Amino acid sequence: MESILVTGGAGFIGSHTCLSLIKKGYCLYVLDSFVNSSKLSISNVIKILEIDGLDATEFIDIVKGDIRNKSTIRDLFLKSIADKKPIKSVIHFAGLKSVAESVRNPSIYWDTNLISSLNLIEVMLEFDCLTIVFSSSATVYGLDNKSPIKENGKLNPNNPYGNTKLAIEKLFNDFFQSNKKKLKIANLRYFNPVGAHPSGFIGEDPKGIPNNIFPVIAKVAIGIQKKLNVFGNDWPTVDGTGIRDYIHVMDLAEGHIRMLEFLENNESQIVTLNLGTGIGTSVLQLINTYEKVNNIKIPFQFVHRRSGDVSELVADSSFAKKLINWAPNKDLKDMCKDSFNWQLKNPYGFNGPQNN
Ligand code: NAD
Ligand code: WQD
C-alpha cells in the first residue's frame, strides 16, 4: 500500500482533509508539531469515522515533529518504507498563518513557512516522491486587484505571511523548472476557509486570541466574548463593510482530493488554482445569516478599519471547475450552522479553557 504525507494535518484545514482522504480509502502519515493544533483533532477524525463504521486507526499514523528539521522529514519517509506504506505524494498544510503575528515576527514566518517547504521538496526528490499539493492563499494577491480575481491577477502581498506564501510558490516553480519531466505541483490559493464538520467533532481552534471573523463570531455567539468589532463601515461596498469569499472547509477538503487525483492521473506540471465560492459576503450580511440560521443575537459595534484590510476579495474559481471539476456544495448558511455547532459543543476548543 502507498500513502500520503499530510504536513500540518492536525490543524483546521488539515484535519478535515484527513477525514475526507481516509473516507476515500487513502492511507496517511500526519506530520505536525502541534504548535497551533491538538492531537485530539486527529483522535476526533478517527471517532467520526468509527461512527460511520470504519476503523481508521490502520489508515492514519501521527508523528509529532517539526518540519523545519530535514532529518525529521527524512526519518518519516524512511519509516513509511519500513512500514511498507511508502509516501507517494504530499499535501503540505504545515505553517504559520497569522498576518498580524507575521508583521511582529517575520523571522519565524520565513523560517517556518519557507525553510520547511525547501526541506520538504528536497527530501521528496531524494525519495522520488514527485507530487505535492500546497496550501497557498488569496493573500498573495494583495490590495491591487478587482474582484472576482483570477489566478493571473496581480501578485503583491502586503504582509510577511503573504510574502512567504508567494515565495513558496516561486520556490516550487524553480524546482519544477529544473525537474520538468518529474514533478507534479499544485498551489491552491484558498480564500476564506470557515465552518466545521457537521458532527461538531472537529473545527477551527486557533491558539490564543483569534483574529479571523468566524472564530470571533462563534465566541460571541456563545457569550465567551461580549461583542464583535466590525472593522469599518465606510468601505465602498453595499453596506460599507468588508466583503469576503467564505468557503466551507469540507468543500475545501474535497478540492484537495480532486487536485491530488488530477495530478496523479496527468503528466508532470505545475498548476495554480483559486479555491473559493465566487460569492462575496459583507460582514453585516454574515452577521445577519449567522443570527438567522442559529436563532441567536450577535452583538457588534463598528470600529476603525483594520490596517492592511481590503474592501473586497472574491475568487474567480472557474479554473478549478474547468480543470478538476470542483465546485463548492455548501453555502453560507451551512458555514454559519456548522461553525456554531462546533463552538457550542467545544466552547473552549479541543483542550478546554486552559487553551484560551
Ligand atoms: P492551522 O494552524 O490550523 O494548521 C497548520 C498546522 O501546521 C497546525 O496543526 C500546526 O501545528 C502545524 N505546524 C505549524 N508549524 C509547524 C512546523 N514547523 N512543523 C510541523 N507542523 C507545523 O492552519 P489552517 O487554517 O489549517 O491552515 C493550513 C494551511 O493553509 C496553512 O499553510 C495556511 O497558511 C494555509 N491557509 C489557511 C487559510 C485560513 O484562513 N485558514 C487561508 C489560506 C491559506
Ligand atoms: C474577514 C472580514 C475583516 C475580524 C485572513 C488572512 C488571509 C487568509 C484568510 C490565510 C474582513 C472583518 C474580521 C473581526 C471584522 N488566511 N473582520 N471583525 O482578513 O479576509 O483574511 O484570513 O491565508 O491571509 O489575511 O479574514 O476573517 O480576518 O476578515 O470586522 O473581528 O471580516 O475586516 O472584512 P481576511 P478575516
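Q: What is the crossing of α7 and α9, right-handed or left-handed?
A: The crossing of α7 and α9 is right-handed. Keep in mind that this is a predicted model.

Q: What makes α7 oblique to α9?
A: Helix α7 covers residues 213-221 and helix α9 covers residues 283-294, and their axes cross at roughly 40°, coming within 12 Å. Angles under 35 degrees would count as roughly parallel, and 65 to 115 as roughly perpendicular. A crossing of roughly 40° fits neither range, so α7 is oblique to α9.

Q: Why are α1 and α8 called oblique to each other?
A: Look at the angle again: α1 packs against helix α8 (residues 249-264) at about 60°, and the two axes are 8 Å apart. Roughly perpendicular starts at 65 degrees, and α1 and α8 are therefore oblique to each other. As for the hand, α1 passes α8 in a right-handed crossing.

Q: What makes the approach of ligand 1 to Phe 12 a polar contact?
A: An oxygen atom of ligand 1 sits 2.8 Å from a polar backbone atom of Phe 12. The cut-off for a pair of N or O atoms is 3.5 Å, so this pair counts as a polar contact. Ser 33 passes too: one of its polar backbone atoms is 3.1 Å from a nitrogen atom of ligand 1. With Tyr 161, the side chain does the job, placing an N or O atom 2.6 Å from an oxygen atom of ligand 1.

Q: How much of the accessible area of ligand 1 does the protein cover?
A: On its own, ligand 1 has 820 Å² of accessible area, and the protein covers 95% of that. Three elements each give two or more residues to the shell, namely α1 (12-23), β5 (131-137) and α6 (160-178). β5 gives the most, with three residues.

Q: Which residues come nearest to ligand 1, and what classes make up its shell?
A: There are 28 residues around ligand 1, and Asp 32, Asn 36, Ser 37, Lys 97 and Tyr 161 come nearest. Sorted by class, the shell has twelve nonpolar, eleven polar and five charged residues.

Q: What makes the pairings of ligand 2 with Asn 229, Arg 244 and Asp 309 polar contacts?
A: Asn 229 brings a backbone N or O atom to 2.7 Å from a nitrogen atom of ligand 2. Arg 244 uses an N or O atom of its side chain, 2.4 Å from an oxygen atom of the ligand. Asp 309 has a polar side-chain atom 2.5 Å from an oxygen atom of ligand 2. With the limit at 3.5 Å, these pairs count as polar contacts. As for cover, ligand 2 exposes 690 Å² when taken alone, and the protein buries 87% of that.

Q: Which strand gives the largest share of the shell around ligand 2?
A: Strand β8 (residues 228-231) does, with four residues. The 18 residues around ligand 2 include Ser 137, Tyr 161, Asn 229, Arg 244 and Asp 309, which come nearest. By class, the shell holds eight nonpolar, seven polar and three charged residues.

Q: What is the peptide bond from Ser 147 to Pro 148, cis or trans?
A: Its omega is near -5°, and the bond is cis. You'll find Pro 148 in the loop between β5 and α6.

Q: What is the sign of phi at Phe 34, positive or negative?
A: Phe 34 has a positive phi, about 65°, although it is not a glycine. Phe 34 is in the loop that runs between β2 (28-32) and α2 (39-51).

Definitions and conventions. Residues are numbered from 1 along each chain as its sequence is written. Chains are lettered from A and ligands numbered from 1 in the order in which they are written. This is a predicted model: local features need pLDDT of at least 70, side-chain atom pairs count only at pLDDT 80 or more; totals for chains, interfaces and linings use all residues. Side-chain values use heavy atoms; hydrogens and water are left out. A residue is near a molecule or strand if one of its heavy atoms lies within 4 Å of it. A polar contact is a pair of N or O atoms within 3.5 Å; within protein, one must be able to donate a hydrogen and the other to accept it, and residues adjacent in sequence count only if both atoms are side-chain atoms. Accessible areas come from the Shrake-Rupley method with a 1.4 Å probe; for residues, only the protein chains shown count as cover. Ala, Val, Leu, Ile, Met, Phe, Trp, Tyr, Cys and Pro count as nonpolar, Asp, Glu, Lys and Arg as charged, and the others, Gly among them, as polar. Axes are lines fitted to C-alpha atoms, for helices over the stretch in contact, and angles run from 0 to 180 degrees between N-to-C directions. Angles under 35 degrees count as roughly parallel, over 145 as roughly antiparallel, 65 to 115 as roughly perpendicular and the rest as oblique. A crossing is left-handed if the near helix is turned anticlockwise from the far one by less than a right angle, and right-handed if clockwise.
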